[in-house]
Amino acid sequence: MEPLSLVIPTFNEAETIGGVIREIPAAYRLDIIVADGGSTDGTQAVARAAGARVIDAGRGYGRACALGAAAAHTASRAIVFMDGDGADRGDLIGEIARPVLDGTHDFVLGSRTRGEREPGAMLWHQVFAGRVAGFGIGALYGVKYSDMCAFRAISSDALHRLGMKEMTYGWNIEMQMKAARAGLRIREVPLPYRRRGGGISKVAGSLRGTLRAGSRIAATFCRVAASTR
């Protein structure tokens, strides 16, 4: 098996998490970690039955990502993050993991906006937010992203060097900004993106969720931009 850990943050994703885990190719199943935020619908039991390790991460998307990465197998040279709602194509994990494992890149992201999307898989404001963030990061650091997709791979060493701090929905943009600022070898890969397989999105599923996530992303952008190298 490949020396890789896969981190999947979850909160009430019992309908989808089993299929997400089972879709991962055998070569990338060394260490699958479900970082759960206190699900009440049986997500943890479904994840364990599908073959994942489950940790209690508490609330906060970034916190789940950070604790999942901290729990990664010591042999893992790369950490992959993906959502547990079935929208990311887990069978294509090699497209982002392989360049990191081969040592040609430090940080590889899937791009939903450059890939083929199922109708309704992304709302207009999600596409717009990714473009605005990409423009801002490009202006600051010369690296222009097209998306803030959760499906991403980063070398274990590079992730440690970034010194991630954000415990909320700002985790993804913090990683992208710090990776660009640090001069990591970055690549975006267009990947197909599906509608979530079940349940309700914690971000796009309500106006409140969208506004809360948007405010955290904006605040994180300002904090990282203002911080010293």
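What span should the 18 residues of helix α5 (residues 124-141) have at 1.5 Å a residue, and how far apart are its end C-alpha atoms? The expected span is 26 Å and the end C-alpha atoms are 26 Å apart, so the two values agree. The model described here is predicted. Its protein chain holds eight helices and seven strands, and this briefing follows the parallel pairing of strands β1 to β4, two helices, and two individual residues, Ser 5 and Ala 45.

**Overall form of the chain**

- A compact globule of 229 residues would have a radius of gyration near 17 Å; the protein chain has 16 Å, and therefore agrees with that expectation.
- The C-alpha trace spans about 45 × 40 × 30 Å along its principal axes.
- Of the 229 residues of the protein chain, 50% count as buried.
- When contacts between residues at least 6 apart in sequence are considered, 75% of them join residues at least 24 apart.

**Strand β1**

- All seven residues of β1 are buried, so the strand is largely enclosed by the rest of the structure.
- Leu 4, Leu 6, Ile 8 and Thr 10 point one way from β1, while Ser 5, Val 7 and Pro 9 point the other way. Residues on both sides are buried.
- Strand β1 (residues 4-10) pairs with β2 in the parallel sense, over six bridges.
- Leu 6 has Ile 32 of β2 as its bridge partner, and Thr 10 has Asp 36 of β2.
- β1 also pairs with β4 in the parallel sense, over four bridges. In that pairing, Leu 4 stands opposite Ala 78 of β4.

**Strand β2 and its crossovers**

- Strand β2 (residues 31-36) is mostly covered, with six of its six residues buried.
- On one side of β2 lie Asp 31, Ile 33 and Ala 35, and on the other Ile 32, Val 34 and Asp 36; both faces are covered.
- From β1 the chain passes through helix α1 (residues 17-23) to reach β2, and this β-α-β crossover is right-handed.
- β2 pairs with strand β3 (residues 53-56) in the parallel sense, over four bridges. Val 34 stands opposite Val 54 of β3.
- From β2 the chain passes through helix α2 (residues 43-50) to reach β3, and this β-α-β crossover is likewise right-handed.

**Ser 5, a residue of β1**

- Ser 5 is located in strand β1. Is Ser 5 buried or exposed? Its relative accessibility is 0%, and because the limit for a buried residue is under 20%, Ser 5 counts as buried.
- Beyond its neighbours within four places in sequence, Ser 5 is in contact with Asp 31, Ile 33, Ala 72, His 73, Ser 76, Ala 78, Ile 79 and Val 80.
- A polar atom of the Ser 5 side chain lies 3.2 Å from the backbone nitrogen of His 73.
- Ser 5 and Ala 45 are 40 residues apart along the chain, and their C-alpha atoms are separated by 20 Å.

**Ala 45, a residue of α2**

- Ala 45 is found in helix α2. Its relative accessibility is 52%, and because a residue is exposed when the value is over 50%, Ala 45 counts as exposed.
- The C-alpha atoms of Ala 45 and Gly 18 are separated by 9.5 Å, although the two residues are 27 residues apart along the chain.

**Helix α4**

- Helix α4 (residues 93-101) has Ile 93, Ile 96, Ala 97, Pro 99, Val 100 and Leu 101 as buried residues.
- The buried residues of α4 pack against β1, β4 (78-81), β5 (107-111), β6 (152-155) and β7 (186-190).
- Just after α4, Gly 103 adopts a positive phi of about 85°.

**Helix α5**

- Among the residues of α5, the buried ones are Val 127, Gly 130, Ala 133, Gly 134, Gly 136, Ile 137 and Tyr 141.
- Gly 142, just after α5, adopts a positive phi of about 80°.

Terms used:
Residues numbered from 1 in each chain as written. Predicted model: local features only at pLDDT ≥ 70, side-chain atom pairs only at ≥ 80, totals over all residues. Heavy atoms only, no water. Buried < 20%, exposed > 50% of the residue type's maximum accessible area, 1.4 Å probe, protein only. Pairing = 2+ DSSP bridges. Right-handed = clockwise from strand over helix to strand, strands pointing away. Expected span 1.5 Å × (residues − 1). Contact = heavy atoms within 4.5 Å. Polar contact = N/O pair within 3.5 Å; in protein donor to acceptor, adjacent residues only side chain to side chain. Rg over C-alpha atoms; globule rule 2.2 N^0.38 Å.
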